[in-house]
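Dear colleague,

I am passing on the structure we spoke of, and below it I have set out what was found when it was examined. Please read the notes with the coordinates open beside you.

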Amino acid sequence: MKVDLYRQVAVITGAARGIGQAIALALASNGARVVLADIDESAAADAAAQIPSAISIKLDVSSEEDINACISNIGNALGRVDILVNNAGISVKNRVTADRFPTSDWDAVMAVDLRGVFLASRAAAASMVKQGSGRIVNVASVAGLVPLRLQCAYTSAKAGVVSLTRSMAIELAQNGVAINCVAPGSTLTAMTEKVFYGKDGSMAEHAQRLIDHIPAGRVGTVEEVAQAVLFFCDPEASYITGQVLCVDGGWTAGGFFRDF
């Protein structure tokens, strides 16, 4: 997919690897000046070095001070912020029912996966409203649409991202700011390969069961998620806002009922 993002400044959080890195590459390949923001400063710099004209910045999305300084510094250095992709997110190893889920894990997930999206969106939106244009794309998850067992914090945070996307979209549409959401399903990344899809993955025995419930019969790629983000960033998609695009091989269309 090719779109015209020439001279647009795009900030991608959680961009050091995986989906975030793929998004940065897709936007840059279509003319955007990309900023790779990540709490892992070294990995972000390494990823940025592979993309012409890209720059990297250390960012903790759970810190209001960090977020405000990041958006302000990018605006000062590059003149504007046209695109924000909220990709940074975490999950926790505790896979237990809600009655036993640790408060500390709940707070950690919410701080990054929901509060971080709000803080970054608020900071970028303030700049976008002043310039009369902008795109915010939030990376949620199918777990925000169909709750998953033993992941109460993650599913709640991602559901919150979906709702935040819609509420901000209807508030800021009149200011020329379009806000949408991409909801990936099972996606092959270094992390999911380590846990599920690699032959030595810690939960490899569950991988085929997951794939069996995906109508497409396979997991997605980070590049496929990046293309969905790129679509929402297209200047020609200016009338599309408040929407959620699932990139899940048909899972939310009913794949989880495949055996019935």
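Val81 touches Val9, Val11, Ile71, Ile74, Gly75, Ser127, Met128 and Gln131, leaving aside residues up to four places away in sequence. This is a predicted model, which should be kept in mind for everything that follows. Val81 itself is found in the loop between α3 (64–78) and β4, and because its relative accessibility is 1%, under the 20% cut-off, it counts as buried. By contrast with those contacts, Ala216 is 135 residues from Val81 in sequence, and the two C-alpha atoms are 36 Å apart in space.

Turning to the sheet, the model has an open sheet of seven strands with parallel pairing, in the order β3-β2-β1-β4-β5-β6-β9. The edges are taken by β3 (55–58) and β9 (244–247), each of which has a single partner strand, so that one side of each is left without a neighbour in the sheet. From one strand to the next, the twist averages 20°. Within this arrangement, strand β1 (residues 9–13) pairs with strand β2 (residues 33–38) in the parallel sense over five bridges, and Ala10 has Val34 in β2 as its bridge partner.

Two helices can be described against the sheet. Helix α5 packs on it, touching β5 (134–139), β6 (177–184) and β9, and the direction of α5 makes about 160° with that of β6. Helix α8 (residues 222–233) lies across β4 (83–86), β5, β6 and β9, and runs at about 165° to β6.

Helix α5 (residues 152–172) also meets helix α4 (residues 103–131): their axes come within 8 Å and cross at roughly 15°. As this angle is under 35 degrees, the two helices are therefore roughly parallel to each other, and their crossing is right-handed. On the α4 side the residues that meet α5 include Trp106, Met110, Leu114, Phe118, Arg122 and Val129, while on the α5 side those that meet α4 include Tyr154, Lys158, Val161, Leu164, Met168 and Leu172. Sorted by class, the contact of α4 with α5 has 16 nonpolar, three polar and three charged residues.

If you look at one place to begin with, I would suggest the surroundings of Val81, with Ser127, Met128 and Gln131 among the residues it touches.

With best wishes

Key
Residues are numbered from 1 along each chain as its sequence is written. This is a predicted model: local features need pLDDT of at least 70, side-chain atom pairs count only at pLDDT 80 or more; totals for chains, interfaces and linings use all residues. Side-chain values use heavy atoms; hydrogens and water are left out. Axes are lines fitted to C-alpha atoms, for helices over the stretch in contact, and angles run from 0 to 180 degrees between N-to-C directions. Helices (H or I, at least four residues) and strands (E, at least two) are DSSP runs, numbered from the N terminus. Angles under 35 degrees count as roughly parallel, over 145 as roughly antiparallel, 65 to 115 as roughly perpendicular and the rest as oblique. A crossing is left-handed if the near helix is turned anticlockwise from the far one by less than a right angle, and right-handed if clockwise. Contact means heavy atoms within 4.5 Å. Ala, Val, Leu, Ile, Met, Phe, Trp, Tyr, Cys and Pro count as nonpolar, Asp, Glu, Lys and Arg as charged, and the others, Gly among them, as polar. Two strands pair if DSSP finds at least two bridges between them. Buried means under 20% relative accessible area, exposed over 50%, partly exposed in between (1.4 Å probe, protein chains only).
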